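Colleague: Pick one part of this model and walk me through it closely, with the side chains, and then show me what else in the chain is worth comparing. Please spell out your cut-offs as you go.

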Amino acid sequence: MIAKKDFYKELKLRGYHYNGAFQAVNLARSDGLFGRVQWNYNWVTFMDAMLQIQILGTDSRNLLLPTKIRKLKINGVHHFDLMTKMDPENRVFDVYVDPMYDRIIAGGIEIFGLHASLVQRRRPPGIPVLEEYVFLPFFSSSILSLKNAARVCVQIAIENNPTLKLKLVEVGADGKNHMLTEFIEAIQDLPVITGDYILLTSQNLEDLPGVHIENGSLSTQTNCHIIIIGGYEEDEVHEKITSAYNVLVDNGYIVFRQKCAKNVSCKIAEKFRTISKIPINNTEENLVLLQKISKKLTVPPVLVKVSQHDKTFEWILELQSAIITKAPVVVYSFNKKLNGQIGLVNCLRKEPDGNLIRCFFIDDDSAPDFDLSHPFYSTQYSLGLAFNIYRNGSWGSYRHLQLLKNDQPSKRLDHIYGNVIQRGDLSSLQWLKGPFNSQNCHIKIAFSSLNFRDVMLATGRLAVELYGSSRIDQNCVLGFEYSGINMLTGRRIMSMVVKGGVASYVEKPSKLIWDIPDDWSLEEAATVPVVYITVYYAFFMATDIRKGKSILIHAGTGGIGLAAIRVALAYNLEVFTTCSTANKKEFLLKTFPKLKESHIGNSRNTSFELMVHRETNGKGVDFVLNSLSEEKLLASLRCLGKSGHFLEIGKYDMANDNKIGLGCFLKEITFHAVLADSLLVAPDEDIWHLKSLIDMDISNGIIQPLPVKVFLAHEIEQAFRHLIGGKHIGKVVIQVREQPHDPSTLPVRVLNQVYFKHNHTYVIPGGLGGFGMELADWMAIRGARKLLLSSSRGITKDYQLYRIALWKTYGCEVAISTADITSKKGCAQLLSEANGMGPVGGIFNLAVVLKDCIFSNQNVNQFLECFAPKAIATTYLDDLSRIYCPELEHFVVFSSVSCGRGNAGQSNYGMANSVMERIIEHRNREGFPGKAIQWGAIGEVGLVADMAEDKIDMEIGGTLQQRISSCIQELDHLLCADASIVSSMVVAEKRTMRSGQGNVIDAVMNIMGIRDLKSVSLSTTLSEMGMDSLMAVEIKQTLERDFELILTPQDLRHLTFQKLQEFIDAKEKENTDGIQIIFASDNKLLGMELLIRNLGDEANCDQIIIPLQTSAAPSKQNLQPNIIIPGLEGTAGRAWYQLGSKLQSPAIVLQLHQFAHLENLKDVAQQSFDQIKLILKQTEPFYIIAYSYGTFVALLLAEMLENSGFRGHLMLLDGAPHFLKRLTNLHLGEQFSDNDLYDLLFSSIVNHIFPEASKESMSTVFHQVDCLSDKMSLFMNYVEKQNMYSKKYSSTMVKAMFNRVKMAASFDLDGIIKIKSPITLVRPAEASLQDIDEDYCISLLTSGVVTLKVIEGNHTTMLDNPSLSQIIDDFDPVLLEDKHFEEYIRNDKPVSVV
Ligand SMILES: NC(=O)c1ccc[n+]([C@@H]2O[C@H](COP(=O)([O-])OP(=O)(O)OC[C@H]3O[C@@H](n4cnc5c(N)ncnc54)[C@H](OP(=O)(O)O)[C@@H]3O)[C@@H](O)[C@H]2O)c1
């Protein structure tokens, strides 16, 4: 049984992205015949989930969507009956898929005759950036392309001067000879980094996208990061470089285009360091990278040696203490080739104070011992570079260069085949390396003939599932007809095959094969098999045309049309035909002199029907050979005369289950489906019969080749497009070889593909993980038949068993090993288990354990755990495989961009991957196979997808999660590349402006993975929203770097989106730097002050019931309204009007102002009840939503309603007797006097509502006045100073509040009578009281169900939280109607189902 999470993961891999309520399948059996679906009172999602169950039953990665069902039966009473017998908390129905009766059943629902159609899958977002990761000397003698040279310059600049936005200026380029675009491309391939690009030129140039072109001078620029200078005479260069100095940022760069023979002027030496020099191919130029010298390094660095074989990781503590000193730190290693220091430092440099860390990686025996005072090292150190790697006598660093495809057109000797890379996209038609060994193939193809079915397959209109239920049969499908040479006999042959005819070889001949007559060319022969097989099958096996007199043959100039006309005429039938143009008609008349012009109709409409009736005097024809569809098919049927035969060769109407009326059969006609491909699996006698018919008519000359249009192999796309264009006459073929006996094909571009050997064993540590399962799957499809998956825990999920069972159906032997790969013994055992299955052909190490945290919190154990499956296991597997795996062809490790580019918090992971990369390089140097792939974040499966859950579109560090289908698609390219280390990631689209309005918010949202600001409360702190320490580092760095906003860690904890918005607003207004965010968290309101924020709304205070303007749809206007009871002030204020406007159902506010004088809660409730019962219908449930003090009234009101036969639901918004009583006592004490309460009320109200009042302590002021009337007069003095509230209203309100607080304080908690209605408590995350139960003890208030929801905000701000209206809407009356219905059923009340 596949669990829900894995079920939807598998569906996602097939292109189904179900979310929310549509994820209703709880469990599903792997054969797709049984499952369990959650009942959530939603018929649509439930029935959809029923359909989802059967998806697992097919082996596919295609998206097939239900397009038709034949019948749907819903027995609602039975369904509800079953449901009511289930556990109300967990209602799950069994779903059965019954193939025998073609139905799906669950509860009272039956779905019959489900029909699904193939739908194009969405393309994965973004194009992956594929690169190689190589050591490159700073002063390289190897020549680079301009694109790569630009990449190197940009990467060095960013590595050493991290910034998110570069300003790049190019000067001196004459005309089109600029190189800014290459630099832009290099920046575009980097995650997150954006740029401002300026080209200074006096020439009129066409617009360059994203580039500001200006006829200006360099001296007017400021804060440039990189200035490209070129095209100047030697005497001008010095001046240009000097003026560049002034406009560069500190440590900024010049890229100087230098003619190879010349040297950069030594005069600039004091102002710039020469960092790198790169010769460019196809030019006479070098790119010289100069760095502006801003500050000389003076503080001596702390040196930390990172050893390679030290499993005690003693250097961790040493490095941690060094980083704390905030002095420069040099991390070094000396001649430890397999040291993971580069990945380590890449990650450390992304952490706080990381810019102080430099890496010296000495990998050259000839280097002097490491000593920074030695000029060899001190000179290099003085350059201030982050990475200093010494190898093969040169200093250099690791760079990501473009990974180019080596697919130049060439002649090929191997098996290649044509296919689309992206189904549905003809422009992706290409030749691919095929799975067959050409040595073992019997047939060499000379011409591949195309048929319409190939077009349907390539364009995705026909599913590859046609070729069998397993994906293993679904590659290499195009082409089912060819001519060529049988290499065993040397004879020229023509044949029809099941698939794979558009290829260079066919492995084995099919039975439908003929020797080519001597007078036919191979080109001509390729036009014969399919058309004549179809015609002979239709004419002489499905029926017998010799027994008739007339025939209508559609599409007369098509391949089959031509062949059919030829044969029909030869057998003396009267032929009617159709075609689409006058030219084609002319061709037909010329080709077949016997054909009458009056017998040729139009194939584009149904006018041929009239022609047939006219020419046959209404009698109709004896046969129709039909390839037309829909209304033309129906018209063709009507062309048949009595006892006629309809020979249907088109599949369209049959595939779409189109209808024909039975009336036509009154003429005793017969309908024959003629599917020639079924002959490939027909009984031998049928095939021999057909062959003998064809052989005979070849020899007597009836069968003749058709006209043909030939395309060369590299024109494969044009060939398909020509066929689709429909303008051709006869056949379209692709010429594969120059001469039939040529062993090599015509020159073509071929996409390399990796195939695995059937007899070899492939070992995959981590093979049961997310990527591992997909890799194993791909390997099985690519020929691997012996898989050994290694895991520390073995099988833990049914999903793994499901996939393994599938591979077994492909003929794979799959074994699981739990040998401990973190020990040498375990690795030896693993390899020995593998060798037991067959010689080891490949080891793919995907095992991983993550132990992420900032380096200052890392420890030896975390490093060890992370190292074990990667660095340690790979070391052993490398050593041992050299001995025990002599046939090894693949040794692949999965590394990460975290290693190649660094990632805060992953120093151990970065380092472990780096060790693996060094091992791979070492292996390659010593002639052993090896490949490391640095992956970016991967979507759908694997550790990132598991963490990101459904957030597949979430950006991670400026990259998008690369869909696993895309990773798998790129594997061929990555594995076939020459480079030892390659990388693949999808760079997310960049926001071009990072410093405008809103972008600071975007940046923070991005880091926190928040997609929509509407989903969060603006006033909630980022910490409350789940900002962890890693995110905090990134946010802090981003704010500092991009927005000059410097925050202390404490500020960061209190940061909210609201504050960020204020910052943007202030910045917009002032447009100056250094604007501070005011952190008002110290002004946090507490207790009583939180509750008394306003005196309500005086305007409508006398109305008891105020209807709110809501967003309820007209159909819902008449539903029972939500009854809202406000808080202490008792009237409807702004918050309620706002909330109301967002609600999807009607709502009223029950105002208590009229009852202000009442001192007894029961009286207030009774008066409220008298009003409310007038507007409520007893047949519908009531919904009371009470806020704060309103909850006292709500509870009594609910009790009274229940006693009068109403039923309903209560929602309490941060209010409940236990909570409010405790809060009151907290601020007034257990024994407070009336005066105390009045003092508190007066002072709080004055403080908050009349802020312009005196600044003295209000409570003291009121306290000093003795009698109540004097207190009231004093209060009125303040009231007079404002004009918001009248005196009468203010005094009534204070008295009302007094009464309400007293009622709350004297509320008898022990005397509570439980109501029956369910209660939902919604409370804010920022609690006003700490020492109270989470649910405010509301379970003591009701015998019904209690639900607790917590939303962001405090007692007051929670009312502004958009999710509140959402929660209220979740009382969806439609839903409740269902529940109501269920209750009726449960109470055995009669139900009438209409
Ligand atoms: N997913 C990504 O986004 C991403 C990105 C970059 C790189 N990568 C790399 O891709 C590879 C696969 O990652 P994934 O996403 O598929 O991770 P995953 O789903 O977590 O799978 C990793 C597997 O490694 C296995 N493993 C851990 N320790 C092991 C041990 N001692 N012996 C044998 N197996 C062990 C685990 O199985 P047990 O627990 O049963 O042992 C687990 O199934 C990793 O090397 C990762 O570094 C992944």
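Modeller: Let's start with a charged pair: R257 and E285 are each buried (under 20% relative accessible area; exposed is over 50%, partly exposed is in between, with a 1.4 Å probe and protein chains only). Keep in mind that this is a predicted model, where local features need pLDDT of at least 70 and side-chain atom pairs count only at pLDDT 80 or more, while totals for chains, interfaces and linings use all residues. Residues are numbered from 1 along each chain as its sequence is written, and side-chain values use heavy atoms, leaving out hydrogens and water.

The side chains of R257 and E285 form a salt bridge, 3.3 Å from N to O (the rule: a side-chain nitrogen of Lys or Arg within 4 Å of a carboxyl oxygen of Asp or Glu). R257 belongs to strand β15 and E285 to strand β17, so to speak of sequence, they sit 28 residues apart, in distant parts of the chain. Helices (H or I, at least four residues) and strands (E, at least two) are DSSP runs, numbered from the N terminus.

Now look at β15 itself, residues 248-259: 9 of its 12 residues are buried, which leaves the strand mostly covered. With β17 (residues 285-292), β15 pairs in the antiparallel sense over 7 bridges; two strands pair if DSSP finds at least two bridges between them. With β14 (residues 224-229), β15 pairs in the parallel sense over 5 bridges. I254 is a handy landmark here, standing opposite L290 in β17 and also opposite I227 of β14. Between the parallel strands comes helix α6 (residues 234-247), and β14, α6 and β15 together make a right-handed β-α-β unit. Right-handed means that, with the strands pointing away from the viewer, the path from the first strand over the helix to the second runs clockwise.

For comparison, by that rule the count comes to 55 salt bridges. One of them joins the side chains of R391 and E921, at 3.7 Å from N to O. R391 is in strand β21 (residues 387-391) and E921 in helix α25 (residues 907-925), so this pair ties together parts 530 residues apart in sequence. R391 is buried at 6% relative accessible area, and E921 is buried at 8%.

Helix α25 has a part in another pair too: the side chains of D878 and R923 meet in a salt bridge of 2.8 Å, N to O. D878 lies in helix α23 (residues 860-884) and R923 in α25, so parts 45 residues apart in sequence are tied together. D878 counts as buried at 4% relative accessibility, and R923 is buried at 1%. If you prefer a network, E10, R14, D59, R61, R471, E774, D777 and R803 are linked by salt bridges.

For contrast, try R1300, in helix α40 (residues 1287-1305). R1300 is buried but has no salt bridge, and the nearest side chain of opposite charge, E1129, is 6.9 Å away (Lys and Arg count as positive, Asp and Glu as negative; His and the chain ends are not counted). Leaving aside neighbours within four places in sequence, R1300 is in contact with L1128, E1129, G1130, L1152, H1153, A1156, Y1189 and M1293, contact meaning heavy atoms within 4.5 Å.

Back at the start of the chain, 7 strands form an open antiparallel sheet in the order β1-β2-β3-β6-β7-β8-β5. β1 (2-3) and β5 (71-74) are at the edges with a single partner strand each, so one side of each has no neighbour in the sheet. β1 pairs antiparallel with β2 (residues 25-28) over 2 bridges, and the bridge partner of I2 in β2 is A28. Helix α2 (residues 43-53) packs on this sheet, touching β2, β3 (34-38), β5, β6 (92-98), β7 (103-106) and β8 (109-112), and its direction makes about 160 degrees with that of β3. Axes are lines fitted to C-alpha atoms, for helices over the stretch in contact, and angles run from 0 to 180 degrees between N-to-C directions.

Last, a backbone detail. Most residues other than glycine have a negative phi. K326, in the loop between α7 (315-324) and β19 (329-334), has a positive phi near 60 degrees, and K326 is exposed at 52% relative accessible area. Y1336, in the loop between β55 (1319-1324) and β56 (1346-1351), has a positive phi near 55 degrees, but Y1336 counts as buried at 1% relative accessibility.
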